[in-house]
Amino acid sequence: MSSLYKIIILIIMVSPVRDYAQGFQVNLQGQKQQGMGGAGTAFMQDASSLFFNPGGASFVHGTQFNLGVTPTFARGAFMDDKTHEVSRTNSPVSTPFAAYGMFELKDSSKLKLGLAVYTPFGSTVQWEDNWTGRFALTRLELRAIFIQPTVSYKLTKNLGIGAGFVYATGKVNLQKDIPLVDANGNYGHAELSGKAHGYGFNVGVYFKPIEKLSIGLTYRSKVNMAVNDGQANFDVPEGVSANFPDGKFKSKLPLPSVLSLGMAYKANSKLDFALDINYVGWKAYDTLSFDYENNTASLIDTKSARMYKNTFAFRGGAQYKVTEHFAARLGLAYGITPVQDGYVTPETPDANRVNYTAGIGYEIGKHLKLDASFLFTHLERSGTNKETNLSGTFKTNVCAPGISIGYKF
Amino acid sequence: MTFQQFSFIVLGLGILTSCKPKFDTPEADGGDIDASNYVALGSSMTAGYANGALYYDVQQNSYAAILAEQLKLVGGGDFKIPNVSPASIGVGNTNNAPSKLGDRTDCLGAVSLGPVKIATQGDASVFSTNVYNQGPFNNMGVPDMKVIDATVSGYTNPFYQRMSSSASSSVLSDAVAKNATFFSVMLGVNDALSFALKGAASESLTPVAGAVGTGFEASINQVIDQLSANGSKGVIANIPSIRSMAYFNTIAWNALKLDATSATNLTSFYSALDGTTFYEGDNGFMIMDSKNPFLGFRQAVAGELILLNVPLDSIKCHKWGSLNPIPDRYSLTLSEIDSIEDAINSYNVILRNIANAKGLAFVDVNGFFAKVKAGYMYNGVAVNAAFVSGGFYSLDGLNLTPRGNALLANEFIKAINTQYGSTIPETNAMKYPAVIFP
């Protein structure tokens with residue numbers, strides 16, 4: 001265990017501590033699935049099925065625990081198309097994690113109870129000081145932790161259903177500069193921070209008509225993250241401080257629903273294929289609004305159009321068992337951006353993307369499993385934002401190496 | 001596979017994460033222009049005059065100085081400015097000191113933020129010290145200069161006298177002597193504005209026709225002919241409508257706020273005179289208008305302009321605009337505005353024609369200032385013509401903040417790039433401050 005711990009620490013240390021997680025949906029659950037492009041709705045491997053398909057969890061044998069972390073290193077940059085000035089992000093590393101525990105009741109192998117704790121959304125983007133878009137955004141930190149108690153039941157030897165309740169807790173911290181300057185050249189700054197929470201559910205059906213083929217269908221509901229008691233702090237030149245009173249604010253952020261259809265095919269005893277299609281209900285994110293308790297002529301409530309659209313993602317991967325204890329995985333995913341032209345912002349400079357993934361799995365004896373995964377993606381998006389007129393090209397490279405440990409009783 | 005091998009693979013993947021996005025930055029190119037010796041000819045804005053005065057800081061942030069900075073990316077050379085000493089507070093055209101934003105107490109005892117002169121008088125030594133020994137200058141912006149002044153030998157404007165090469169030189173002869181390889185001309189604003197700033201009560205508009213030194217057309221032709229005589233390329237700007245400027249838009253024509261009692265009293269007072277009726281709420285100011293027969297005053301109507309220099313304490317405490325009509329020099333009536341705008345339109349036709357005839361780049365400053373008045377977003381910041389908060393106009397309401405000048409310089413760059421096939425990058429205008437807050 002201490003060696004494994006060292007490896008995790010090493011990964012964090014050798015990688016540049018610059019992160020820029022694009023978008024705020026993080027599909028980094030389960031190292032086995034990550035190695036295979038993120039597909040897993042119909043491919044039940046371990047306790048991570050609680051997330052990928054609660055209906056299939058009952059088909060996973062025994063009582064199991066899985067714990068994984070995927071330090072995400074993303075480096076973003078923006079080139080203004082009029083000045084050719086390049087600005088970069090220097091965000092802290094974000095560490096999406098997932099912990100799954102699945103319990104088989106002694107008197108019934110058909111019923112499984114589980115608890116999954118994971119971070120399906122969240123990122124921190126920190127732009128360098130004085131960057132071109134500083135008055136639109138300097139930092140956005142979003143973090144949502146989902147806690148999902150789950151029941152899975154095997155109706156027949158071919159069919160399983162399951163459902164989980166989701167309690168989501170999170171925090172948001174948004175900062176930007178204010179274009180009011182004092183005699184020393186210091187600009188104003190706004191920081192909005194608060195805790196958010198919401199509720200949702202995760203349901204799934206798993207169907208295995210023949211030994212070689214399985215099909216999964218899941219629906220993870222939308223979760224409305226409400227910030228009811230946020231704190232807005234303003235640092236502006238003293239002469240105008242009365243116009244920017246510190247105080248409470250309200251906001252909300254919808255985390256979209258995800259409908260997934262998956263298929264898995266076992267070609268032979270060594271080779272497995274998995275394929276997922278996700279339909280993500282991003283349309284729920286149409287406006288980002290801030291409702292300040294103390295309004296002034298300078299501090300009015302804001303409503304910014306986001307106009308996200310519903311979108312698809314396609315994920316596929318293969319797993320090959322090189323030896324009895326060692327598995328290699330490869331995957332590919334293609335995600336269509338929910339962000340329409342004219343709405344690209346420095347908080348989520350999202351773009352259509354191809355994720356390249358790879359992974360390995362290693363079994364130490366009968367109980368212990370180690371899995372590692374790696375994801376790379378490149379995002380590039382040009383355009384002019386309709387609200388801010390910030391105009392240029394965003395580029396982001398994301399590398400997410402992850403590691404997990406599983407224990408099977 | 002051993003556990004050790006597994007570890008190595010994991011570590012290798014981790015190391016791959018140093019992946020920084022790269023950009024192919026477009027190369028800045030001068031196209032058809034030779035930017036090595038750029039000369040800017042113009043008036044207050046070209047000089048950098050702002051906050052009601054000329055001083056070192058604002059001189060460094062004129063649109064011309066900012067444009068020169070960007071031209072350095074395509075081979076531009078040193079840009080010599082007739083600098084006021086950095087230690088001096090500077091001086092304005094009424095020997096005044098510059099203004100800054102500070103607390104003002106009005107006649108009612110209310111304190112609010114507004115322009116406050118930083119000293120009772122400007123630094124007179126600015127005018128008495130000729131700095132030509134630091135020249136010849138690239139920035140030939142002379143505050144208050146009209147087109148018809150540019151060719152005058154021994155021009156007596158103190159802002160010119162402090163930088164002139166001799167007692168008999170003209171602004172144009174000094175500019176021509178610099179042998180510009182590239183020039184900008186933003187002249188003509190004062191040919192209309194000087195009249196407007198007097199509330200059309202004194203001075204006059206420069207006529208279009210007339211000889212050099214009298215008429216707009218002949219004078220500007222001479223200016224451009226001489227600057228381009230050696231084949232130099234250049235850019236010329238047109239003249240903004242006065243309706244765009246904060247100076248004429250900050251105090252609304254109907255900012256006379258009355259309660260029910262005052263409205264009734266005023267109505268009964270004026271019933272014996274011209275029968276003006278007043279209402280609770282917003283009312284048009286009473287203004288002097290010599291064209292109004294017999295009475296010589298009347299109520300302002302929509303579209304008329306009250307100047308920024310009207311004494312607000314007189315309105316608040318001495319019944320200006322209600323019982324006492326506002327003096328003519330603080331307002332522009334519709335017919336006065338029409339004559340000013342007609343002149344500007346005629347000047348602009350001439351400027352456009354010269355640009356076309358000479359193949360010069362042309363900056364539609366009039367269109368740009370109108371866009372600012374309508375308001376727009378620039379990199380997440382609202383830019384508009386509102387006094388102080390709009391970020392564009394300096395505290396004199398006529399000239400620009402450094403941010404405004406940077407935005408204006410970008411308009412010049414766009415025009416130059418369009419005309420000459422150059423790829424001069426614009427500047428990030430948000431690196432330049434707007435009005436400084438206490």
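In which loop of chain B is N379(B) found? I would like to start there, and I should say at once that what we are looking at is a predicted model. N379(B) sits in the loop between β14, residues 376–378, and β15, residues 381–383, of chain B. If you look at its backbone, you will see that N379(B) has a positive phi of about 45°, although it is not a glycine. As for its surroundings, N379(B) has 24 other C-beta atoms within 10 Å, and because the cut-off for a buried residue is 20 or more, it counts as buried.

Let me now turn to another residue with a positive phi. A200(B) is not a glycine either, and its phi is about 55°. In the chain, A200(B) belongs to the loop between α8, residues 189–197, and α9, residues 216–227, of chain B. Is A200(B) buried or exposed? It has 20 C-beta neighbours inside 10 Å, and therefore it counts as buried.

A further backbone detail concerns a peptide bond. The bond that joins G135(B) and P136(B) is cis, with omega about 0°, and P136(B) lies in the loop between α5, residues 125–128, and β4, residues 139–141, of chain B.

From the loops, let us move to a pair of helices. In chain B, helix α4, residues 63–71, packs with helix α15, residues 402–420, at an angle of about 55°, and their axes are 8 Å apart. Because oblique covers angles that are not under 35, not over 145 and not from 65 to 115 degrees, α4(B) and α15(B) are oblique to each other. The crossing in which α4(B) passes α15(B) is right-handed. On the side of α4(B), the contact is made by Y63(B), I66(B), L67(B) and Q70(B), while α15(B) brings N405(B), A406(B), L408(B), A409(B), F412(B) and I413(B). Sorted by type, the residues of this contact between α4(B) and α15(B) are 8 nonpolar and 2 polar, with no charged ones.

Finally, let us stay with α4(B) and ask how many of its 9 residues are buried. The answer is 8, so that we may call α4(B) mostly covered. Among these buried residues are Y63(B), I66(B), L67(B) and Q70(B), and also A64(B) and A65(B). Besides α15, the buried residues of α4(B) pack against β1, residues 38–42, α2, residues 44–47, α3, residues 56–60, β4, and β5, residues 182–186, of chain B.

How values were computed:
Residues numbered from 1 in each chain as written. Chains lettered and ligands numbered in written order. Predicted model: local features only at pLDDT ≥ 70, side-chain atom pairs only at ≥ 80, totals over all residues. Helix = DSSP H or I, 4+ residues; strand = E, 2+ residues; numbered from the N terminus. Buried ≥ 20, exposed ≤ 12 C-beta atoms within 10 Å, placed from the backbone. Axes fitted to C-alpha atoms, helices over the stretch in contact; angles between N-to-C directions. Left-handed = near helix turned anticlockwise from the far one by under 90°. Contact = placed C-beta atoms within 7 Å. Nonpolar A, V, L, I, M, F, W, Y, C, P; charged D, E, K, R; others polar.
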